[in-house]
Amino acid sequence: MNMKPWIKRSLIGFTVLLLIVLLPIAALMVGVKVEIGDSRQLVTKLLSEQLQRDVLINGNIQLELSFRPAITVEDIHIANPSGFGEQSFAQVRKTSAQVQVLPLLRQHLEIEQVLLDGFYLELIRTEQGENNWQFASSAAAPSNTASQPELSKSESNNDFTWQGINYSFEIKEQILISDARISYTDQAAEAVLSWQLEELKLTSLDSETLAMTAKGSMLDERYFLDSTWQLEPLLQGRAGDVQLNMQVADASLGLSGQLAPQKDINSYLELKLDWQNADSIARLLGENLSHIAPIKLATRFDGKPGSYSLSPIS
């Protein structure tokens with residue numbers, strides 16, 4: 001049976017239209033990876049103009065176009081302003097991020113993963129009091145207060161309340177920071193302080209709670225941190241539990257309680273500190289304070305916006 005010409009043309013047109021619609025959707029479902037090579041100079045120029053610092057990207061810049069868009073950038077260098085030496089102000093060995101797009105339609109931020117590896121920051125204050133961490137602004141800051149976020153109607157009375165945002169939050173895999181180092185040099189005081197983060201990991205325990213662990217060293221002392229945060233309720237203006245345990249040298253710090261952004265609900269934090277070794281107190285706080293060892297205290301902080309109290313220290 002011969003097909004009528006107009007039916008044939010309609011079928012061909014419908015097929016072409018279907019391909020035009022479905023091919024991009026299929027590509028977004030599978031993911032299309034794009035290497036940015038020739039556009040590298042444009043990216044670094046834009047970043048340099050925004051930061052008012054020379055920015056150099058020596059590594060790969062890779063984009064993944066999909067319903068789970070991702071970006072990976074390697075070997076980033078941000079220069080110091082003139083007068084602070086030739087070393088970089090900041091360096092990043094590799095950073096990447098991936099999020100889910102479709103959940104945003106129902107006001108749900110779903111992070112697949114965020115990775116930051118090899119982050120180095122060199123902070124310097126000169127003998128003249130100048131520093132290298134203040135960035136020149138490419139545009140004047142707005143002077144009117146209309147653009148400032150509205151925290152609450154009672155802000156003028158120093159009665160801070162957080163109204164919340166109608167978004168939920170979830171980390172599908174992890175947010176991971178590894179091999180980070182921050183160094184601070186005060187040339188006038190001839191002092192150098194360093195803080196090293198070997199690893200910081202954020203994961204979602206459930207739909208409301210984030211877990212955070214971290215380890216590293218500061219002032220040549222090892223530290224470990226383990227905490228949980230009910231972040232989603234806090235973001236939405238509801239009360240959320242927090243818990244933190246930290247070990248620095250031989251000092252143990254514990255913090256637990258509930259934070260409530262609403263002005264009619266009480267917030268409280270219970271704090272415990274156990275620090276027995278006089279030598280570590282001297283190393284961290286100075287020889288003149290070593291005599292206060294051993295330290296063992298517990299207290300509780302209670303309050304609502306505009307009214308706070310501290311329980312007697314035991």
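## A first look at the model

Of the protein's 314 residues, 30% count as buried. The model is a predicted one. It contains 4 helices and 15 strands. The accessible surface of the protein comes to about 20,100 Å². Carbon and sulfur atoms hold 58% of that surface. Among contacts with a separation of 6 or more, 47% are between residues 24 or more positions apart.

**Strands S5, S6 and S7**

Strand S5 covers residues 88–100, and strand S6 covers 108–125. S5 and S6 pair in the antiparallel sense, over 10 bridges. Within this pairing, Ala 90 stands opposite Leu 121 of S6.

Which way do S6 and S7 run, parallel or antiparallel? They run parallel, joined by 16 bridges. S7 spans residues 168–186. Here Asp 117 has Ser 178 in S7 as its bridge partner. S6 thus pairs with S5 and with S7.

**A nonpolar patch**

Val 101, Leu 102 and Leu 105 make a nonpolar patch on the surface. The patch measures about 300 Å². Leu 105 sits in the loop between S5 and S6. Is Leu 105 buried or exposed? Leu 105 counts as exposed because its relative accessibility is 74%, and the cut-off for exposed is over 50%.

**Backbone exceptions**

Most residues other than glycine have a negative phi, and most peptide bonds are trans. Two aspartates have a positive phi instead: Asp 75 and Asp 179. Both lie in strands, Asp 75 in S4 (residues 70–79) and Asp 179 in S7. The table sets out their values.

| Residue | Strand | Phi | Relative accessibility |
|---|---|---|---|
| Asp 75 | S4 | near 60 degrees | 30% |
| Asp 179 | S7 | near 55 degrees | 26% |

Why does Asp 75 count as partly exposed? Its relative accessibility is 30%, and partly exposed lies between the 20% limit for buried and the 50% limit for exposed. Asp 179 counts as partly exposed because its value is 26%.

A peptide bond also departs from the usual trans form. Which bond is cis? The bond from Ala 293 to Pro 294 is cis, with omega near -5 degrees. Pro 294 lies in a loop. That loop runs between helix H4 (278–285) and strand S14 (295–304).

Technical notes:
Residues numbered from 1 in each chain as written. Predicted model: local features only at pLDDT ≥ 70, side-chain atom pairs only at ≥ 80, totals over all residues. Heavy atoms only, no water. Patch = residues over 30% accessible without salt bridge, like charges linked within 9 Å, V, L, I, M, F, W, Y side chains within 5 Å. Areas by Shrake-Rupley, 256 points an atom, 1.4 Å probe, with all protein chains shown as cover. Salt bridge = Lys/Arg side-chain N within 4 Å of Asp/Glu carboxyl O. Helix = DSSP H or I, 4+ residues; strand = E, 2+ residues; numbered from the N terminus. Buried < 20%, exposed > 50% of the residue type's maximum accessible area, 1.4 Å probe, protein only. Contact = heavy atoms within 4.5 Å. Pairing = 2+ DSSP bridges.
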